[in-house]
Amino acid sequence: MTETDSKASSDAVTTQGLCKRFGAKTALDGVALRVPVGAVYVLVGVNGAGKSTLFKTLMNLERPDAGTATVFGLDSGHDGPEVRARIGYVPDRQDAPYRWMTCARLLGHAAAFYPAWDRAYAVQLTGALGVPANQRIGGLSKGETRRLQLVLALAHRPALLLLDEPMDGLDPVVRRRALVLLAEHLADTPTTVLLSTHHVGEMESLADHVGVLRDGRLVAQMAREDLQRTVRSYVLETPDGWELPRELSATALRRSSTGREVRCTLVGEEREVTDRLNATGARVRDSRSLPLEDAALAFLPEEPT
Amino acid sequence: MTRTQLPQPRAVLMAHVRAIAFALRVPLLIAPVFAIVATIFLAIQIANGDMTGNLYAEPSALPSIIGALLAIAVWVREERFGPGFLWTLPVDRSRHALIKVLAGWLWLMAGVALFALSVMVLALVYDGGVLPVRSLQVLIAPVTSQEPLDPAALRTEQWAPGPLIVLVPFVSATATYLLASAFMVGVRHPLRWIVGAVVTFPVASAISHVGSRMLGMLWMTHLPERAVTGLLEGRYGLEALVTLRTWSLDRRMHLTSGERIHVWSAVPDLGDWRIAALLWTGAGALAVWFAASRHRERRRERRRA
């Protein structure tokens, strides 16, 4: 077995050079994603960054213009049914299907498609998330629809959960309950999770890998510890006319200055960055790691694009 | 990674049979009532002497129309294009579309069986047998004038079409159902196509009329009208499929004796119907297959330059 094969078998999801365009808009631009088996991978990006398109491509709901996507070694473009059988999917949209059905009937309908469907677990999730089983889907609120989608995604205990803004539309109480359920699910069932969210902090207790999508490009992808170790905020005391050296500019994510004090967020090993800064005449007064959310968001533009 | 089980086609079919029943539960519940009303209506027609042809053929327009409407009802609330719930399920997408079409067809056949049953009851009551033999007054030579007809211009023929006639409502409903299903499954905006066809027809008609006069190409005269007439009323047209042309072959005429009777320009031909059935049902099946292939799972391999 080659090193690449070994790596591939330890990855639940891999994409290579994934590109997707919608007319003039580039939704995905050469995305090379790698989600290790068993990881909880949080994908961050502003609206329109390409997160939902990436998820749909993995489900073979969108066909990429270029590149490949594999899920547990299966090509999502060629083995769509086998791939989808392994995935529990919560879509970005909160319009549930089959509005004329009751929630219980839809769950029964979905059960027919998954031989591994755990009816007892579905009932348990329905109760725990407060899904009104006998209510018609057309009459559900956004939050109730989201809860139903979560039950649909979890009840067949898939090997991979693709959760596109799973907490969107949920009230704070249900959010917390859903997070606890998700944590319990991960404890009970060996599952890989790829989820997108605008609230990284909320997922801090679960996340172990983070990726940042920006304008369709995956600009950062690393383990959580690596992210928090290498993305740091530095406070510098600088001489007059000081400029950030070119080799560090490429890794500078944020920068602000007041007088001779410069604050910047830089990517790199702390010792190495500090040495380079000191070499330019600046004095590092403080260096601290960022909370997960701030570290991830540092890769995103400060102003809406 | 262990092989994840995919649902059995039979389980998928049954899930859709149940889902369609639930979606169309109101029409399905009133179907027996409707069948009784239709039976009474037919009985009145027979009693008034308005139905001289064949019970299985003449009213077959009804199941044919229901066939087309059912196809629309089965698909209209489904997100046929885009990342709808149906396509997120672990079933090959084009096969899934075909299975759903099949599920609707099973219900259609159940409804047509109900219709055929009521027709059999009527045939037993009024003709003394399930397969009636009818005595038709057939024109010896074509008549174009509206003058009262000399009875000597008619010959009496016994029309005993045989057991195959019972299949007419089943086959005609199947053909219209398949064609309408193909339209719904394969066309992203059916309404636009209908409006487009309605708008295009008079335009094409005007162009053929003007073109034939200006260019002296007489074959172009009324070309669209002739095409549509052939399609609907031709030897193997839609009417031949649905009613064995009992509508267009039969007309009421005055005799010189003052009597007004049903006169047939020819005896309906079950041989023609067989060919029409083969053509229309074959076209419908092919159209469904092509329509379903629009949702195919696998990407077409791009030709290498």
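Start by selecting helix H6 of chain A, residues 142–154: this helix lies across strands S7 and S8 of chain A, and its direction makes an angle of about 170° with S7(A). The model on screen is a predicted one.

**The sheet of chain A**

Extend the selection to the sheet to which these strands belong. Six strands form an open sheet in chain A, in the order S7-S8-S9-S4-S10-S11, and the pairing is mixed. At the edges are S7 (87–90) and S11 (217–223) of chain A, each of which pairs on one side only. From one strand to the next the twist averages 15°.

Go to the S11 edge. S10(A), residues 209–214, runs antiparallel to S11(A), and 6 bridges join the two. In this pair, A:Arg214 stands opposite A:Arg217 of S11(A).

Next select helix H2 of chain A, residues 51–58. H2(A) lies across four strands of chain A, namely S4 (40–44), S8 (160–164), S9 (192–196) and S10. Its angle to S8(A) is about 150°.

**A:Asn60**

Move along the chain to A:Asn60, in the loop between H2 and strand S5 (66–71) of chain A. What is the sign of phi at A:Asn60? Phi there is positive, near 60°, in a residue other than glycine. Most residues other than glycine have a negative phi. A:Asn60 counts as buried because 26 other C-beta atoms lie within 10 Å, and the cut-off for a buried residue is 20 or more.

**The nonpolar cores**

Now select A:Leu162 and show what surrounds this residue. Which residues does A:Leu162 touch, leaving aside those up to four places away in sequence? They are A:Phe55, A:Leu58, A:Met59, A:Ile87, A:Tyr89 and A:Leu194.

A:Leu162 is also one of the residues with the most contacts inside the largest nonpolar core, together with A:Val42, A:Val151 and A:Ala296. This core has 133 residues. The element that gives the most to it is helix H5 of chain B, residues 93–127, with 13 residues. Apart from this core lies another, of 9 residues, including A:Tyr234, A:Val262, A:Val273 and A:Ala282. In soluble globular proteins, nonpolar side chains tend to be buried together.

**Where the chains meet**

Colour the two chains separately and look at their contacts: 27 residues of chain A are in contact with 25 residues of chain B. On the chain A side, the elements that give two or more residues are helices H3 (80–85) and H4 (103–111). H3(A) gives the most, with 5 residues. By type, the chain A side divides into 15 nonpolar, 6 polar and 6 charged residues.

**Chain B**

Hide chain A. Chain B contains 11 helices and 4 strands, and its C-alpha atoms fill a box of roughly 85 × 60 × 30 Å along the principal axes. Of its 305 residues, 33% are buried. Among contacts in chain B with a separation of 6 or more, 75% are between residues 24 or more positions apart.

Select B:Leu24, in the loop between helices H1 (9–23) and H2 (25–47) of chain B. Is B:Leu24 buried or partly exposed? B:Leu24 is partly exposed, because 17 other C-beta atoms lie within 10 Å. Add B:Ala73 to the selection: the C-alpha atoms of B:Leu24 and B:Ala73 are 7.8 Å apart, although the two residues are 49 apart in sequence.

Continue to B:Arg245, in the loop between helices H9 (238–243) and H10 (246–249) of chain B. B:Arg245 is not a glycine, yet has a positive phi of about 65°. B:Arg245 counts as buried because it has 26 C-beta neighbours inside 10 Å.

Then select strands S3 (250–254) and S4 (260–264) of chain B, which pair in the antiparallel sense over 5 bridges. B:Met253 stands opposite B:Ile261 in S4(B). The two strands form a hairpin with 5 residues between them. In the turn, B:Gly258 has a positive phi of about 95°.

**Confidence**

Finally, bring chain A back and colour by pLDDT. The mean for chain A is 89, and 94% of its residues reach 70 or more. Where does pLDDT stay under 50 in chain A? The stretch is residues 1–6, for which the model has 1 contact beyond four places in sequence.

Note on methods. Residues are numbered from 1 along each chain as its sequence is written. Chains are lettered from A and ligands numbered from 1 in the order in which they are written. This is a predicted model: local features need pLDDT of at least 70, side-chain atom pairs count only at pLDDT 80 or more; totals for chains, interfaces and linings use all residues. Two residues are in contact if their C-beta atoms, placed from the backbone, lie within 7 Å. Ala, Val, Leu, Ile, Met, Phe, Trp, Tyr, Cys and Pro count as nonpolar, Asp, Glu, Lys and Arg as charged, and the others, Gly among them, as polar. Two strands pair if DSSP finds at least two bridges between them. A nonpolar core is a set of buried Ala, Val, Leu, Ile, Met, Phe, Trp, Tyr and Cys residues joined through C-beta atoms within 7 Å. A residue is buried if 20 or more other C-beta atoms lie within 10 Å of its own, exposed if 12 or fewer, and partly exposed in between; C-beta atoms are placed from the backbone. Axes are lines fitted to C-alpha atoms, for helices over the stretch in contact, and angles run from 0 to 180 degrees between N-to-C directions. pLDDT is the predictor's confidence in each residue, from 0 to 100.
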